[in-house]
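Subject: Structure handover and notes

Dear colleague,

Please find the structure below, with the sequence. My notes on it come after.

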Amino acid sequence: MRDKQQIEAMYYLSPLQQGLLFHRLADATADPYFYQYAYRLQGDLRLDAFEGAWRHVVERHAVLRTAFVWEGVEKPLQVVRRQTSLPIERHDWRGVPEEEQRLRFGALLDRDRAAGLDLLQPPLMRLHVIRKAEREWLLVNSHHHILLDGWSMALVLRDVLRAYEALVRGAAPTVESPRPYRDYISWVNRQDLVQAETFWRTMLAGFQRPTPLALEAPSQNASAETLSFAEQSLRLSAERMEALQSLAKRVKVTVNTLLQGAWALLLHRYSGEQDILFGATVSGRPPELAGVEEMVGLFINSLPIRVSFRPDQSLGDWLRDLQERNAALRQYEWTPLSDIQRWSDVPNGTPLFGSLVVFESYPEAADGGEQPSLSVEPLARSVGRRLYADAGTQQLSPFVDGGTGAGSAPYRLLCPPEVCACGDHPHARSSRSLARSHGGGTRGEVGRPVSVDG
């Protein structure tokens, strides 16, 4: 902060950002929120235009020029610089055998992760562009989760591709900037924490222990390399997906509510309890904040969902009641999970919930009618020390992930269903992991291990 002329803005962190910073400072070498996203690019990629598109997007979105300061200040701050340079490293692997490419790719990811990111030095993102063949490339985007959630990453990629197409045509990309993330921080700071406390205390009154899961937790001495991990995938036909949507419409609820209801029923069946609690990740974008859909930053939050069972209640009434409860908590979805945990009757040090349902719905780019010159396919995402396959352009991708947030459970449970409307092949994917959680926040990037060739 010595060169004040280069500072565009300074403001406090969101509650989730504070949690991610805490875990980063506690153990920087095992930072579970260093993300690596891999994409396959096909076409006549013009590297100068592609790099120019990324420079444009860094200029457009303030969070990509943000650093974090925690020493010598009363509270941690995020500092936006007016300018910064995005590191982009080029690699040419044409003519290299496929097996050797896989080895190189793994080594590159390891080196990239080992290099880490300095939260004091923006940008907290870098790129590797790898040429596999004449018209095939790989893009590795490494960034820290403290900057972005999945919705925001989708917006960044959309803007990169739009800027790239403009530069390829010889036109200047539009430099319109969305509403800055600091406006969201200001909005959060204006919320009534006392009112939120009253709401959450009422909602959680009488709930004294987390809903048990019939899984054996790993031993305290288990290493990350020896933890058991398994996944089950289920592909749904278009007809089956249409049937789910039809059911949701018939009972007047969302597909998200259907999936939360299914998970609640599963917990009820295996725990034998009538009062169920699980976590759910919310987008955290308040509808009353104009332009929030286009804002880039970290908005998501994890909240407890409480579900009761009454024998005299019909399925439709029960699902509609669940949806009404979810609607009621929307005005308080900004509340820090650590505060909610503290206001509950669950003993201190005991996790509030042991599973987390994540229902993703990312914005889609409008179809401008023109065929893009570059095809981009999500290939994989790396979380922690694992590389996972990405489901593609996910319009709906709910799944369950426990052991996140304040008071996290000692393991993650990834269970059905994950429903993705991926092109013409909607599918469901489920995973189950007994891997120990290594911190708070929300891990929403889970899939099957993949190689460089997908």
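The notes cover the chain as a whole, one sheet, one loop residue and the cavities.

This is a predicted model, in which local features need pLDDT of at least 70 and side-chain atom pairs count only at pLDDT 80 or more, while totals for chains, interfaces and linings use all residues. Residues are numbered from 1 along each chain as its sequence is written, and side-chain values use heavy atoms, with hydrogens and water left out.

The chain has ten helices and 16 strands (DSSP runs numbered from the N terminus: H or I of at least four residues for helices, E of at least two for strands). Of its 454 residues, 54% count as buried (under 20% relative accessible area, with a 1.4 Å probe and protein chains only). Among contacts (heavy atoms within 4.5 Å) between residues at least 6 apart in sequence, 78% join residues at least 24 apart.

One open sheet consists of three strands in the order β1-β4-β3, with antiparallel pairing (two strands pair if DSSP finds at least two bridges between them). β1 (7-12) and β3 (66-69) are at the edges with a single partner strand each, so one side of each has no neighbour in the sheet. From one strand to the next, the twist averages 25 degrees (axes are lines fitted to C-alpha atoms, for helices over the stretch in contact, and angles run from 0 to 180 degrees between N-to-C directions). Five bridges join β1 to β4 (residues 77-81), and Tyr-12 has Leu-77 as its bridge partner in β4. Helix α5 (residues 181-189) lies across β1 and β4, at about 25 degrees to β1.

Ala-62 sits in the loop between α2 (47-60) and β3. Its relative accessibility is 14%, so Ala-62 counts as buried. Beyond its neighbours within four places in sequence, Ala-62 is in contact with Glu-8 and Val-80. Val-296 is 234 residues from Ala-62 in sequence, yet the two are 8.3 Å apart, C-alpha to C-alpha.

There are three cavities of 30 Å³ or more. A cavity here is a set of points, on a 1 Å grid over the protein atoms alone, where a 1.4 Å probe fits but cannot get out; lining residues have an atom within 4 Å of a point. The largest cavity has a volume of about 60 Å³, taken as the space filled by probe spheres set on the points, which are joined across faces, edges and corners. Its lining includes Ser-14, Tyr-184, Asn-301 and Trp-334.

Regards

Terms used. On a 1 Å grid over the protein atoms alone, a cavity is a set of points where a 1.4 Å probe fits but cannot get out, and a pocket is an open set with protein on both sides within 12 Å along at least five of seven lines; lining residues have an atom within 4 Å of a point. Buried means under 20% relative accessible area, exposed over 50%, partly exposed in between (1.4 Å probe, protein chains only).
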